[in-house]
Structure formats: C-alpha cells, structure tokens
Amino acid sequence: MSAVMVLGLVAVALMAVWLTLLGGSGEVPEPGRADASDPELVSRGSTIYAQSCASCHGQNLEGQPNWQVRKADGTLPAPPHDETGHTWHHGDDYLFEVTKWGTEAVVGGDYKSEMLGFADELDDADIWAVLAYIKSRWRAEIQSAQARR
C-alpha cells in the first residue's frame with residue numbers, strides 16, 4: 001500500500017471520527033454553554049433572569065424566606081441561587097433540565113414544586129445564558145466546585 005493511500009485512509013478515518021463527535025450535524029458543539037466568564041452571555045442572562053426568574057428567586061439571587069420549610073401545600077419556597085443555596089451543588093445539565101422542564105418533571109415521584117419550567121417561554125440559549133449569569137455571581141471556589149459536579 002502506498003503512502004498516499006495510507007494518508008487518504010487516515011484522513012477518511014479522522015473525518016468519520018470528527019463527524020461522529022459532532023453527531024453528524026457538521027456543526028461545532030457549543031463549548032461552555034453556561035460559561036460564567038463570557039461577558040456577553042452573562043449580560044444576556046442577567047436581563048432574562050430579571051424578567052423571568054427574579055420574581056421568585058430574588059433580584060440578588062437570595063430566594064424566598066424559609067426556602068427549606070415546606071408550605072401547607074407541600075411545595076418549598078423558591079431557593080436562593082446565590083452561594084447560600086444548593087444550586088451550585090448541581091451540575092449544569094441538571095440545572096438546565098430543571099429550568100426547562102420544571103422540578104417535578106425532573107425529580108419525579110411525589111415531589112411537589114412551584115417551579116414548572118420555562119420550555120414555553122425561554123429557548124435553550126436563553127436558559128444557558130441565565131445559568132451563566134447565576135454562576136457568574138459565585139466566588140471562584142464555588143464555581144470550581146460546581147464545575148466538578
């Protein structure tokens with residue numbers, strides 16, 4: 001087999017691997033979908049958060065009072081998204097799913113929540129922007145700990 005044929009086979013194999021990694025779409029995957037270091041993404045997320053999230057989770061991500069104590073209907077008040085809450089204890093994919101579909105849909109069982117999800121209001125890019133904004137408000141140590149989840 002000639003060197004040209006070997007190089008051609010290697011090129012074809014590399015292209016097959018590349019297309020497999022891209023899911024056959026030919027598009028480059030989005031790196032850092034909730035990238036807290038991207039100022040444009042964080043700014044967009046800040047605006048969306050103020051419009052869609054702050055009414056329950058607070059302007060400063062502080063959540064509702066007594067967020068760990070169930071209400072009479074069995075739901076929990078909206079938790080904080082700052083460092084005092086548990087948001088940073090979850091990975092990005094889980095946070096995305098809860099934001100898009102709602103806590104009950106993701107957790108399942110008899111879990112009761114007022115967080116119904118935003119699939120009908122926000123597109124995926126908007127949700128990632130909100131998550132980037134929330135993460136941008138955490139100290140570097142908390143961001144690092146959350147990134148390992």
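Here, a residue counts as buried when its relative accessible area is under 20%. These legends go with a predicted model.

**View 1. Helix H4 and its buried residues.**
Helix H4 runs over residues 92-101, and its buried members are Leu 95, Phe 96, Val 98, Thr 99 and Lys 100. What do the buried residues of H4 pack against? They sit against three helices: H5 (103-107), H6 (124-136) and H7 (140-147). On spacing in general, an α-helix has 3.6 residues a turn, so residues three or four places apart point the same way. Have a look just past the end of H4 too, where Gly 102 takes a positive phi of about 100 degrees.

**View 2. The largest pocket.**
This pocket comes in at a volume of about 670 Å³. Its lining is made up of 29 residues, and those closest to the centre are His 57, Pro 79, Val 98, Thr 103 and Met 115. Two or more lining residues come from each of helix H2 (39-52), helix H3 (54-57), H4, H5 and H6. Which element gives the largest share of the lining? That would be H4, with 4 residues. Sorted by class, the lining holds 18 nonpolar, 10 polar and 1 charged residues. Val 98 turns up in two views: it is one of the buried residues of H4, and it is also among the residues closest to the centre of this pocket.

**View 3. Gln 146, tucked into helix H7.**
Gln 146 belongs to helix H7. Is Gln 146 buried or exposed? It is buried, because its relative accessible area is just 1%. Its side chain reaches the backbone oxygen of His 90 at 2.9 Å. Leaving out residues up to four places away in sequence, Gln 146 touches Trp 88, His 90, Gly 91, Asp 92, Leu 95, Lys 135 and Trp 138. One of these, Leu 95, is a buried residue of H4.

**View 4. Two cysteines that don't pair up.**
How many disulfides does a search of the whole structure find? The count is 0. Why is there no bond between Cys 53 and Cys 56? The sulfur of Cys 53 has its closest cysteine sulfur in Cys 56, but at 8.7 Å that is too far for a bond; a disulfide would need the two sulfur atoms within 2.5 Å. Seen from the other side, the closest cysteine sulfur to that of Cys 56 is in Cys 53. As for their surroundings, Cys 53 is buried, with a relative accessible area of 10%, whereas Cys 56 is partly exposed at 39%.

Key. Residues numbered from 1 in each chain as written. Predicted model: local features only at pLDDT ≥ 70, side-chain atom pairs only at ≥ 80, totals over all residues. Heavy atoms only, no water. Buried < 20%, exposed > 50% of the residue type's maximum accessible area, 1.4 Å probe, protein only. Contact = heavy atoms within 4.5 Å. 1 Å grid on protein atoms, 1.4 Å probe; cavity = no way out; pocket = protein on both sides within 12 Å on 5 of 7 lines; lining within 4 Å. Points joined across faces, edges and corners; volume = space filled by probe spheres on them. Nonpolar A, V, L, I, M, F, W, Y, C, P; charged D, E, K, R; others polar. Polar contact = N/O pair within 3.5 Å; in protein donor to acceptor, adjacent residues only side chain to side chain.
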